[in-house]
Structures are given as structure tokens and as C-alpha cells.
Amino acid sequence: HPAALAPAPGQTWVQWIPSGPDHADDTLHALLLSAAFQARESIVAVTPYFVPDDALLAAWTLACRRGVRLRLLLPRCSNHRLADWARERALRQLAQAGAEIHLLPGMLHAKCVLVDGEWALSGSLNLDARSLFLNYEAMTAFYGRAEVQWLQEWHEALLAGADPYVLRRPSWPRDIFEGMVRTVGFQL
């Protein structure tokens, strides 16, 4: 557990975590799944694109249902309209499980995941299948209290300008279109 290995006061521990098709394991995906199952209090995620694979979506849904506070911050409209359509089913599922989802009025390309206020990831990984399994990506894991606190404060400042996601049942044509777009999620 990262908290058990906390750096001494005044020290900062960081870890560079690369991923991509040249790696034997999907380390970042495994780390996100592990975090979802081990989180005790909270998971905070900021991402421009949210088209998670079924395993990550199920892990986050289960985390919500066991009382972990999941907060997701996304742009209302990203610069990829199909990705926005593809994310809707996942957003509805998480909202129904109790996740707090907020939408920013403008595009935000930053990526960050904070777990229990104890450690954080920040870097190039979008929370979509393409980034998780196909692209070359890299994240930095932060274990220092000051860095994690700074990222939490950054998230809170962004959240102040965001609107809550409104859960709406889709029309059947929209639901069909969302499903079709989601099937090509690796291409988004």
C-alpha cells in the first residue's frame, strides 16, 4: 500500500510509469483497477475523455457501491464529439451507483487520478481504452503529501467552475447510437 511507504517529511517520492504496445503488461490499467479495489475513502479523476473499458467501469461502480466517494471531472464537450457520445453510458452507470460527476464549460486536457488523498497519478493517460491499451502513454505517481495536496486543491478549484452532471434517460435512438459509438471506442 502506498501510504505504508510514505516519504519522510521534506522528501518527495515519485515514480515514472510508462505504458504502450511494447510493454508486456498493461501496468497503468492494472494500477487503476487495483486502486479501485483498494480505495477506502475516495477516488478523484480528471480527464478530457472518458470511455473506460468494462473492467475499469465495473471496478469504479463497485467502489461507489461499497462507499468510496468517486468524483469525476470532465469537459462538457471535448474536442472529440464521438468520444462525448461514447462516454454517456458509462457516466449514467456511475451516476446511478452514486458517483459525483461534474462537467466543465470548456475543454480541459489535463489528466489526474487521486486515491484516498494519499497518492496521485498525473500524465498523458486518458481514461479510455485507446490510451489504456494501444497508445504510448506515461504517468507519474506522486506519493508526497505536498504534491497530492496540491493536486487536490487544483481539482477543487476546477470543480468550483463546473456543473453537476444531470442523469437523464436517453431516447431509444440515442441509446442505440451511443452503443454503436462505444463499440468503436478503441478508435476514439
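Before anything else, one definition: when I say contact today, I mean heavy atoms within 4.5 Å. With that in hand, hello everyone, and please keep in mind that what we are looking at is a predicted model.

Let me start with the whole chain. Among contacts between residues at least 6 apart in sequence, 79% join residues that are at least 24 apart. The chain has 188 residues, and 48% of them count as buried. As for secondary structure, we have 6 helices and 10 strands.

Now to the helices, and to the first pair I'd like you to find on the screen. Helix α1 covers residues 27-38 and helix α2 covers residues 54-65; their axes are 8 Å apart and the packing angle is about 15°. That angle makes α1 roughly parallel to α2, and the crossing of α1 past α2 is left-handed. Which residues of α1 and α2 meet here? From α1 we have H29, L32, L33, A36 and F37, and from α2 they meet A55, L56, A59, W60, L62 and A63. If you sort the residues of this contact by class, you get 10 nonpolar, 1 polar and no charged.

Stay with α2, please, and turn to its packing with α3. Here the angle is about 20°, and the axes are again given as 8 Å apart. So α2 is roughly parallel to α3 as well. The handedness of this one is right-handed, with α2 passing α3. On the α2 side, the contact is made by L57, W60, T61, C64 and R65, while α3 brings A90, Q93, L94 and A97. By class, the contact of α2 with α3 has 6 nonpolar, 2 polar and 1 charged residues. Do take a moment with W60 of α2: W60 is listed in the contact with α1, and W60 is listed in the contact with α3 too.

While we have α3 in view, let's pick out R87. This arginine sits in α3, residues 81-97. Is R87 buried or exposed? With a relative accessible area of 2%, R87 counts as buried, because the cut-off for buried is under 20%. What does the side chain of R87 have for a polar partner? A polar atom of that side chain lies 2.7 Å from the backbone oxygen of R76. Leaving out residues up to four places away in sequence, R87 touches F50, V51, L74, P75, R76 and L103.

A second arginine, R71, belongs to strand β4, residues 69-75. R71 counts as buried because its relative accessibility is 12%. Its side chain makes a polar contact of 2.8 Å with the side chain of E156. Setting aside neighbours within four places in sequence, R71 is in contact with I43, V44, A45, E100, H155, E156 and L159.

R130 is another arginine to look at, this time in helix α4, residues 129-134. At 29% relative accessible area, R130 is partly exposed. The C-alpha atoms of R130 and D53 are separated by 9.4 Å, although the two residues are 77 apart along the chain.

Let's move on to the loop between β6 and β7. Strand β6 is 112-115, β7 is 119-123, and E118 lies in the loop that joins them. E118 counts as partly exposed, with 25% relative accessibility. The side chain of E118 reaches the side chain of R40 in a polar contact of 2.6 Å. The C-alpha atoms of E118 and A39 are 10.0 Å apart, with their positions 79 residues apart along the chain.

D116 is found in that loop between β6 and β7 as well. What is the phi of D116? Phi is positive, about 55°, although D116 is not a glycine. D116 is buried, with a relative accessible area of 10%.

My last stop is A141, in strand β9, residues 137-142. A141 has a relative accessible area of 0% and is buried. Apart from residues up to four places away in sequence, A141 touches W13, V14, Q15, I17, A120 and L121. Finally, the C-alpha atoms of A141 and W119 are separated by 7.0 Å, and these two residues are 22 apart along the chain.

That's my tour. Thanks for listening, and I'm happy to go back to any of these spots on the screen.

Key
Residues are numbered from 1 along each chain as its sequence is written. This is a predicted model: local features need pLDDT of at least 70, side-chain atom pairs count only at pLDDT 80 or more; totals for chains, interfaces and linings use all residues. Side-chain values use heavy atoms; hydrogens and water are left out. Axes are lines fitted to C-alpha atoms, for helices over the stretch in contact, and angles run from 0 to 180 degrees between N-to-C directions. Helices (H or I, at least four residues) and strands (E, at least two) are DSSP runs, numbered from the N terminus. Angles under 35 degrees count as roughly parallel, over 145 as roughly antiparallel, 65 to 115 as roughly perpendicular and the rest as oblique. A crossing is left-handed if the near helix is turned anticlockwise from the far one by less than a right angle, and right-handed if clockwise. Ala, Val, Leu, Ile, Met, Phe, Trp, Tyr, Cys and Pro count as nonpolar, Asp, Glu, Lys and Arg as charged, and the others, Gly among them, as polar. Buried means under 20% relative accessible area, exposed over 50%, partly exposed in between (1.4 Å probe, protein chains only). A polar contact is a pair of N or O atoms within 3.5 Å; within protein, one must be able to donate a hydrogen and the other to accept it, and residues adjacent in sequence count only if both atoms are side-chain atoms.
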